[in-house]
Amino acid sequence: MLDSKKIALITGANKGIGFEIARQLGAQGINVLVGTRDQTRGDEAARRLQSEGIDASAVHLDVTDQVTIDRAASFIDKTYGKLDILVNNAGISLREGRVPPSELDIEVYRKTYETNVFGVFAVTKAMLPLLRRSNGGRIVNLSSPVGSLTLNSDPASFYAQMPPLLAYCSSKTAVNAITVFFANERSRRLPYSSAGGHAAGGVCHLTCRWADRWIFRGRWCSSLVRVWFLRAGTTLVTCAMR
Ligand SMILES: NC(=O)c1ccc[n+]([C@@H]2O[C@H](COP(=O)([O-])OP(=O)(O)OC[C@H]3O[C@@H](n4cnc5c(N)ncnc54)[C@H](OP(=O)(O)O)[C@@H]3O)[C@@H](O)[C@H]2O)c1
């Protein structure tokens, strides 16, 4: 049942930045699916959005659990037949990971990657067939300046002065790589991207400088959030949110 109304799935949208993205996409008339690893928290978030007149519902999706990812994809397929926007927002920064690299426990490192890196990859892969059915599918990956190797290698950079959180920071470096490699695959028109005759999802990268400012100010900022898209060198702005 293809519908002209846009459908967006945001992972980890029951709170924080994901919830705000859901709220602002919903305010634009987009049907938002609140990805959540806890159904109760997701239902509560969806109810809050509905109370603002937003078309929202919770979808159980733990990005580290392939069964829930596949179930979510199957649900979206049966219910909407497509997906227009995927926002890979779910992310963790474990307290135990806030130590110098030499003291980092490998299990903490692995756990961080399970969510922040493999979670992004697994959800993207599962949703690509649905995004290809959209007339203008988009993928937004939440990264951070702390993932920039350029900034971290520059001794004068603010980010190089921050505690060296190898697990979290390098997971965002990997997210940047995932974003660029998917974008390159798309732009080179490798076989998957032409399936179905529609444009596959352009891959984009949301820089989180604004998100950082929100946190530093201790409140949500309602000013324009810019989404920069990497797609064959073209800037596509379809997700500007107010
Ligand atoms: N806050 C910042 O300053 C900042 C800066 C740059 C980038 N970012 C990135 O922005 C994204 C959101 O950050 P935030 O500050 O809003 O974080 P947050 O408030 O801690 O929210 C994270 C969300 O991700 C969910 N989540 C965690 N693990 C999950 C899993 N395995 N499956 C599904 N959902 C999961 C959480 O669910 P639960 O409620 O169940 O825990 C929560 O809904 C993250 O990717 C983060 O790295 C944040």
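# A guided tour, starting at two packed helices

Select helix 3 and helix 4 first, which pack with their axes 10 Å apart and at an angle of about 20°, the axes being lines fitted to C-alpha atoms, for helices over the stretch in contact, with angles running from 0 to 180 degrees between N-to-C directions. Helix 3 is therefore roughly parallel to helix 4, a description used for angles under 35 degrees, whereas those over 145 count as roughly antiparallel, 65 to 115 as roughly perpendicular and the rest as oblique. Two packed helices are described in general by the angle between their axes and the distance between the axes.

Before you go on, note that this is a predicted model, in which local features need pLDDT of at least 70 and side-chain atom pairs count only at pLDDT 80 or more, while totals for chains, interfaces and linings use all residues. Residues are numbered from 1 along each chain as its sequence is written. Helices (H or I, at least four residues) and strands (E, at least two) are DSSP runs, numbered from the N terminus.

Stay with the first pair, and highlight Q66, I69, D70, A73, I76 and D77 in helix 3, which meet A122, V123, A126, M127 and L130 in helix 4; two residues are in contact if their C-beta atoms, placed from the backbone, lie within 7 Å. By class, this contact of helix 3 with helix 4 has 8 nonpolar, 1 polar and 2 charged residues, where Ala, Val, Leu, Ile, Met, Phe, Trp, Tyr, Cys and Pro count as nonpolar, Asp, Glu, Lys and Arg as charged, and the others, Gly among them, as polar. The crossing of helix 3 and helix 4 is right-handed, meaning that the near helix is turned clockwise from the far one by less than a right angle, whereas an anticlockwise turn would be left-handed.

Next, select A72, which has its place in helix 3 (residues 66-80). Is A72 buried or exposed? A72 counts as buried because it has 23 C-beta neighbours inside 10 Å, and the cut-offs are 20 or more other C-beta atoms within 10 Å for buried, 12 or fewer for exposed, and anything in between for partly exposed, with C-beta atoms placed from the backbone. Not counting residues up to four places away in sequence, A72 touches V59, H60 and L61. If you draw a distance from A72 to A126, 54 residues apart along the chain, their C-alpha atoms are separated by 9.0 Å.

Now keep helix 4 (residues 106-132) and add helix 7 (residues 166-187), whose axes come within 9 Å and cross at roughly 20°. Helix 4 and helix 7 are therefore roughly parallel to each other, and their crossing is right-handed. On the helix 4 side the contact includes V108, Y109, T112 and Y113, and on the helix 7 side it includes A167, Y168, S171 and K172. The residues of this contact of helix 4 with helix 7 divide into 12 nonpolar, 4 polar and 1 charged.

Also in helix 4, select L131, which is buried, with 24 other C-beta atoms within 10 Å. L131 and I7 are 124 residues apart in sequence and 9.8 Å apart in space, C-alpha to C-alpha.

Which residues have the most contacts inside the largest nonpolar core? They are A8, L9, I10, A22, V32, V34 and M127, in a core of 46 residues, a nonpolar core being a set of buried Ala, Val, Leu, Ile, Met, Phe, Trp, Tyr and Cys residues joined through C-beta atoms within 7 Å. Helix 4 gives the most to this core, with 6 residues.

Two loops come last. Select E52, in the loop between helix 2 (39-50) and strand 3 (56-60), and you will find that E52 is exposed, with 10 other C-beta atoms within 10 Å. E52 and R23 are 29 residues apart in sequence and 8.6 Å apart in space, C-alpha to C-alpha. Then move to P145, in the loop between strand 5 (138-142) and helix 5 (149-153), where P145 is partly exposed, with 19 other C-beta atoms within 10 Å.

Finally, show the whole chain, whose secondary structure comes to 8 helices and 7 strands, and in which 40% of the 242 residues count as buried.
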